[in-house]
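Welcome! Take a moment to look at the sequence and the 3D view, and then work through the exercises at your own pace.

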Amino acid sequence: MGRAVTVATCALNQWALDFEGNLERIFRSIDIAKSKGARYRLGPELEICGYGCSDHYYESDTLLHSFQVLEKLLESPATQDIICDVGMPVLHRNVRYNCRVIFLNKKILLIRPKISLANAGNYRELRWFTPWSKARHVEEYFLPRIIQEVTGQETVPFGDAVLVTKDTCLGAEICEELWAPNSPHIEMGLDGVEIFTNSSGSHHVLRKAHARVDLVNSATAKNGGIYILANQKGCDGDRLYYDGCAMISMNGETVAQGSQFSLDDVEVLVATLDLEDVRSYRAEISSRNLAASKVNPYPRVKVDFALSCPDDVAVPTCVPIQWRHHSPEEEISLGPACWLWDYLRRSKQAGFLLPLSGGIDSSATACIVYSMCQQVCLAVKNGNADVLADARRIVNDETYIPEDPREFCKRVFTTCYMASENSSQDTCNRAKLLAEQIGSYHINLNIDVAVKAVVGIFSVVTGRTPRFSVHGGSSRESLALQNVQARIRMVLAYLFAQLTLWARGMPGGLLVLGSANVDESLRGYLTKYDCSSADINPIGGISKTDLKNFIQYCIENFQLTALRSIMSAPPTAELEPLVDGQVAQTDEADMGMTYAELSIYGKLRKIAKAGPYSMFCKLINMWKEICTPREVASKVKHFFRMYSVNRHKMTTLTPSYHAENYSPDDNRFDLRPFLYNTSWSWQFRCIDKQVSKLEKKEGISVAEDVD
């Protein structure tokens, strides 16, 4: 009868400008799709060149090499008898578009440019591409000669059209178009399109996956149809981790789910679905059918091919499944771990070095590396030859098989506790015990000699010797002495990263890991060019609250009992002198705010787009049970003073795994000045006036202003 269609979608770990590797992964996905009987294969957005090419899109080389890869795909026998839908940049009439190139049996059927470009947050597509603004319009595209020689075509359709096969009708969306309020699938569905495709370059953010899944399912819940989503996965070369989640949905229900986090470079989902289920679903939705009778039709490209077989009555079809979501703690355990593995193997380094202080942040970072080691061992156990080859190259042993996460951790992970006279024995013991439990190669060293040498140079030159506050020094002296310790730790971290393996008679160098969380970065509670300065930071986009929950998860799931004492200890930088052998300095006291408050400030500042006055107005209601308006005003002012004074530190922030939508990452996500008028005079005066009004209303005596 020709009603059961078999389609494939995939998640590929593509890498910006890695044309050879990208081509190989595309071929593997097509081979897998064909082996499972698929007649249509969908790949991720811009999969030929890799999504994260950024300003390399301006280069003619990127366009040239993309067409060279397309040539290889077109002429290969592997792409015969299956409709292939691949992504690449295309220059049409001197305008660059983000396109899908859909081909079958050495013939290009359609080049479909992206209509709605992603241009918020981490995305800058309007910088490199132009959206196709001609709805339901198709033009002739003149193919490059290298493609003409393969296809025998001089021109092909370019624009907003749909494909009509012998048995159904397909329409394409590209990533952002699913998220747009006027998604093309709405009108396409009304015009009889039964299969919607979406090629995405969608990155991971904590607690985001459900939104993507809901959008896909809702796309066909009201209008009926089959929705196929492909996505990039892995580290494409920057701060983002693309989290797969390829899926297939029909009539509002998921029928196939791909993994969100894995070390598999190629993952293919195949589903066989009954077109009659779509047609019968739509038949009883009268409002949909009334709207369909008035729709403006799409141009149709006829394709002499079918996605089904004539005799398919006995072919089994897929049934709905329940999507399984990860908890935020699982996401922290898996996402940054996969990102670290991609960074490690693609940078061709021999492992990581982490300054392990015995506190929550560096311990959470260590746990993520341990989780990475677990994922590597699991992937090898499941037969992943790519992971095995990478692991052998990293440890420089062609016969090595990673089976025990702790043993693999010993080979690729070095931790270093850098003690000073201000360090407590408790943190030293905690760091040592955690290193033993995860298996890292652990180093204990003391930085006092280096600190005294640096301060001694200053004393020789100036004739003055700075002192800590507790010893009678000023706050300036005390802060400078704290910063010297912090910065020496950074210098030593890089020295040991470069030479530790050399000293052990092993080849290679180590990547230095940072461990400043998103809240400390927002507040600026870090020393510029201290151990927060590293090669990469897996927790830089994660809040302190989420990290605490992650630590508890590691206690329960990794049996890392050393984390219990780390969890119960108050966070401290240990940069000021001990009092009776005990730590007197704590982070929250130093900052003048709690980590819980910082998370709220961060979300209001970035996500709610609140300046000082708007933040005050929101918080007097949120905190009305615990703070007076005057107290709220004081807290808001203190936050904005500290944020603006320290904003310059974000310009040198270590590249961090992006996991939170309130990240202060200055690279491209959170674009702000770094030289502020830190008095905020106008804004704070507005707050003061509002406080006075509220206090008069409550009959409270009014002070002149709010500290």
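Below are five exercises on this predicted model, each with a worked solution.

**Exercise 1. Find the order of the strands in the open sheet of 4 strands, and say which strands are at its edges.**

Solution. Begin with the order, which reads 19-18-17-20, with parallel pairing. Next, look for strands that pair on one side only: these are strand 19 (441-446) and strand 20 (511-512), the edge strands. Now follow strand 20 to its partner: strand 17 (residues 352-355) pairs with strand 20 in the parallel sense over 2 bridges. Finally, pick out one position there: Leu353 stands opposite Val512.

**Exercise 2. Work out how the buried residues of helix 13 are arranged around its axis.**

Solution. First list the buried residues of helix 13 (residues 405-412): Pro405, Phe408, Cys409 and Val412. Then look down the helix axis: these residues fall within an arc of 105°, so they line one face of helix 13. Now ask what covers them; the cover includes helix 10 (328-347), helix 11 (360-381), helix 12 (385-395) and helix 14 (425-438), along with strand 17 and strand 18 (413-419). One more detail is at the start of helix 13, where a side-chain oxygen of Asp404 comes to within 3.1 Å of the backbone nitrogen of Arg406.

**Exercise 3. Decide whether Lys606 is buried or exposed.**

Solution. Locate Lys606 in helix 21 (residues 595-607). Its relative accessible area is 15%. The cut-off for buried is under 20%, so Lys606 counts as buried. To see its surroundings, leave out residues up to four places away in sequence: Lys606 then touches Asn661, Tyr662, Phe669, Asp670 and Arg672.

**Exercise 4. Classify the ring pair formed by Phe639 and Tyr643.**

Solution. An aromatic pair is described by the distance of the ring centres and the angle of the planes. The whole structure holds 27 aromatic pairs. For Phe639 and Tyr643, the centres are 5.9 Å apart and the planes are at 20°, so this pair is stacked. Both residues lie in helix 23 (residues 629-646), 4 residues apart, about one turn of the helix. Both are also buried. Step back, and Phe639 and Tyr643 turn out to belong to one aromatic cluster, together with Tyr601, Trp623, Phe640, Tyr676, Trp680 and Phe684.

**Exercise 5. Which ring does the charged end of Arg136 sit over, and which ring does Arg504 lie over?**

Solution. For Arg136, the ring is that of Tyr298, with the charged end 4.4 Å from the ring centre. For Arg504, look at Tyr441: Arg504 lies over its face, at 3.6 Å from the ring centre.

Methods:
Residues numbered from 1 in each chain as written. Predicted model: local features only at pLDDT ≥ 70, side-chain atom pairs only at ≥ 80, totals over all residues. Heavy atoms only, no water. Pairing = 2+ DSSP bridges. Buried < 20%, exposed > 50% of the residue type's maximum accessible area, 1.4 Å probe, protein only. Arc of directions from axis to C-beta. Contact = heavy atoms within 4.5 Å. Polar contact = N/O pair within 3.5 Å; in protein donor to acceptor, adjacent residues only side chain to side chain. Phe/Tyr/Trp six-rings, centres within 6.5 Å; stacked < 30°, edge-to-face > 60°. Lys NZ or Arg CZ within 6 Å of the ring centre and 35° of its normal.
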